[in-house]
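Hi,

Here is the structure I promised to pass on. Have a look first, and my notes follow underneath.

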Amino acid sequence: MTELSALFHGFAVVLSPMNMLLMLVGISLGVLIGVLPGLGGANGVAILLPLTFTMSPTSAIIMLSCIYWGALFGGAITSILFNIPGEPWSVATTFDGYPMAQDGRAGQALTAAFTSSFVGAFVAVVMITFLAPVVAKFALKFGPPEFFAVYLLTFCSFVGMGKGSPFKILASMAIGFALAAVGMDTVTGQLRLTFGIPDLMRGFDFLIAVIGLFGIGEILLSMEEGLAFTGKSARINPKVVLETWKQLPKYWVTSIRSSLVGIWMGITPGGATPASFMSYGLAKKMSKDGAKFGTGQMEGVIAPETAAHAAGTSALLPMLALGIPGSPTAAVLLGGLLIWGLQPGPLLFVEQKDFVWGLIASMYLGNLAGLLVVLTTVPLFAAILRIPFAIIAPVIVVICAIGAYTVHNAMLDVWFMLGFGALGYIFKKLDYPLAPLVLALVLGDKAEDSFRQAMLVSQGDLSIMVSNPLVGTITGLALLLLFWPVIGRLIAMVRKPKASTFTTEQPVD
Amino acid sequence: MDSQDQASEAEGHGVPTFAIEAVMALLVLALGLVIVVASHKLGAGWTSDGPGAGYFPFYVGLILCISALGVLYQSLLGKNRSHGIFVTGEQLRRVLVVFVPAVIYVLAVQFVGIYIASAVYIALFMVRLGKISVIKSVVTAVLINAAFFLMFEVWFKVPLAKGTLDLLSFLGY
């Protein structure tokens with residue numbers, strides 16, 4: 001039970017008036033970011049990161065993680081009221097949320113969405129509280145080969161679990177690694193891939209990439225689709241909230257299942273978006289009202305929201321315990337840790353106890369505060385969406401430019417941001433995934449360091465990656481995932497003739 | 001990236017998505033080759049004190065080349081290649097309406113600084129595209145920038161780009 005006492009110590013750290021204020025500010029900013037199309041959790045946090053440089057790391061991470069929770073909550077508001085998913089992970093929420101709002105049950109849909117978001121996050125935080133220290137303790141035994149194997153596993157799981165062309169996932173990831181390599185080599189001090197341009201010595205900051213890819217790219221996409229906001233009015237009063245809460249316990253099975261789906265997808269870098277779709281699909285398949293899904297079923301709102309929040313929250317577990325973020329937003333938070341001089345990974349639990357447990361405690365309180373804030377301020381945020389897009393679009397471009405400039409106080413970064421914006425727009429249209437690029441850009445140097453250290457130990461012999469059962473298992477799993485698109489196809493080819501001869505055979509998996 | 005070049009091909013004739021996909025794959029392949037050559041020059045092999053500076057990027061470049069060839073194959077010869085139109089003329093117009101002013105805006109920031117450039121940019125955007133009255137647009141743009149100024153310079157002490165001309169130097173920030 002050392003975790004519990006550490007957690008209570010964490011609560012004591014968080015419960016200072018200043019930190020509570022930052023929490024509320026963070027949640028409100030996060031909801032705003034979630035509501036505005038074109039601003040997402042990842043680039044919202046990236047833009048606001050420089051504002052926190054003067055704060056203590058604990059206060060800074062509390063505010064930034066609260067922006068993240070707020071963004072997770074905010075996505076649901078636009079999905080339900082306007083049929084516009086403010087965030088990719090709230091796409092599945094539109095399927096039943098918007099019909100409910102059209103039916104005059106917007107208040108119920110919003111209450112159900114917010115409450116199940118809270119439940120998903122809560123389950124995930126409980127999991128982090130007890131699992132993260134164990135994982136971190138285990139990871140303390142890791143050497144460079146083990147760490148590189150874990151990085152390899154992270155990246156290979158994108159290829160194995162991603163939808164679409166595995167070549168595109170690989171290309172996106174390799175571009176991230178290549179961008180990370182630009183600049184001064186940390187080991188030899190040589191300049192790499194700078195092509196004689198002095199400004200490139202700094203390398204590409206992932207914050208610039210995030211702001212461009214997710215901010216500018218998203219605005220271009222929203223513009224292309226021709227945005228028009230026609231929304232339902234949102235009236236939430238305590239009576240609706242209480243009535244909805246009375247109905248929610250009926251769906252406890254859906255909640256638990258969705259939480260588990262979300263936690264799994266969050267820890268493996270599947271992310272919140274696939275988690276919400278998977279959970280919606282499972283709920284549709286398993287519910288007795290499955291056929292009615294899409295017409296305004298409350299279960300259809302509960303399932304994706306619970307899973308998205310559980311995934312978004314549990315993405316922080318590998319970041320805290322191993323130093324490997326499970327989502328682009330977690331990657332931005334990790335970048336923040338590095339800037340504040342903290343070394344994310346297993347040692348954080350030993351050396352920075354206050355910080356880690358303060359963060360975990362703020363996850364509990366932040367989500368509770370988030371629930372209260374969104375339940376009371378929905379009409380306000382819905383009103384923001386009635387502001388003409390002709391005001392919102394340039395303001396978001398300005399905010400992105402400010403965010404890109406403040407990272408290094410360099411104008412060149414603002415130009416890079418525009419370039420990344422155009423790249424993000426084309427990549428999204430061509431189905432290149434952006435998350436692997438960002439994660440590779442963040443983790444590139446660390447992955448390279450552990451690879452080179454491992455190679456130094458073995459004098460260039462790659463067999464060090466399978467030299468003991470632990471590293472061998474992780475590497476094996478990584479390779480299995482990397483080649484899963486090929487293996488899966490082979491299995492299907494072998495199974496096909498069998499299936500036609502033994503039609504009665506039941507699949508075992 | 002050269003979004004405009006690629007996208008403008010699509011205008012009018014409606015270039016199918018797989019063609020843009022192939023062009024993109026060729027660009028990725030070119031990037032991969034550049035990285036492979038550059039890291040080979042840096043020393044992609046084993047040096048006296050361990051792996052050379054180009055060791056890791058060399059393989060990254062190789063992966064880029066392989067994946068680009070894979071995408072190229074899928075886009076030109078694959079079974080599921082997309083014949084849909086990449087972008088219609090109307091869509092392209094709407095995208096450029098945001099992107100081109102954004103480029104001009106960043107150029108302006110370089111000279112007159114972020115506050116003046118942003119105020120003009122927001123006001124013009126509102127008047128031209130939102131058909132909002134000039135007075136309303138100017139007031140909104142100035143208020144938004146005043147808020148940014150207070151938040152960044154005054155409260156959080158984060159200096160923003162003032163541009164080479166630094167027209168707001170009289171404010172003392």
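Which residues does B:Q110 touch, not counting residues up to four places away in sequence? Keep in mind that this is a predicted model. The list is A:M411, A:W415, B:G163 and B:T164, so this glutamine has partners in chain A as well as in chain B.

A bit more on that spot: B:Q110 sits in helix 4 of chain B, which covers residues 89-130. With a relative accessible area of 29%, B:Q110 counts as partly exposed, because that class lies between the 20% and 50% cut-offs. The C-alpha atom of B:Q110 is 7.9 Å from that of B:K162, although 52 residues separate the two along the chain.

Now the interface. On the chain A side 63 residues are in contact with chain B, where 65 residues take part. Together the two chains bury about 5,600 Å², and carbon and sulfur atoms make up 82% of that. In chain A, the residues that lose the most area to chain B are A:L51, A:F167 and A:I402, which together account for 10% of what that side buries.

As for polar links, seven residue pairs are in polar contact across the interface (both at pLDDT 80 or more). Helix 18 of chain A gives the largest share of the side that touches chain B, with 12 residues. By class, that side of chain A has 45 nonpolar, 10 polar and eight charged residues. There is one salt bridge across the interface: the side chains of A:K168 and B:E21 meet at 2.3 Å, N to O.

Cheers

Methods
Residues are numbered from 1 along each chain as its sequence is written. Chains are lettered from A and ligands numbered from 1 in the order in which they are written. This is a predicted model: local features need pLDDT of at least 70, side-chain atom pairs count only at pLDDT 80 or more; totals for chains, interfaces and linings use all residues. Side-chain values use heavy atoms; hydrogens and water are left out. Contact means heavy atoms within 4.5 Å. Buried area is the accessible area (1.4 Å probe) that two parts lose on being put together, summed over both. A salt bridge is a side-chain nitrogen of Lys or Arg within 4 Å of a carboxyl oxygen of Asp or Glu. A polar contact is a pair of N or O atoms within 3.5 Å; within protein, one must be able to donate a hydrogen and the other to accept it, and residues adjacent in sequence count only if both atoms are side-chain atoms. Helices (H or I, at least four residues) and strands (E, at least two) are DSSP runs, numbered from the N terminus. Ala, Val, Leu, Ile, Met, Phe, Trp, Tyr, Cys and Pro count as nonpolar, Asp, Glu, Lys and Arg as charged, and the others, Gly among them, as polar. Buried means under 20% relative accessible area, exposed over 50%, partly exposed in between (1.4 Å probe, protein chains only).
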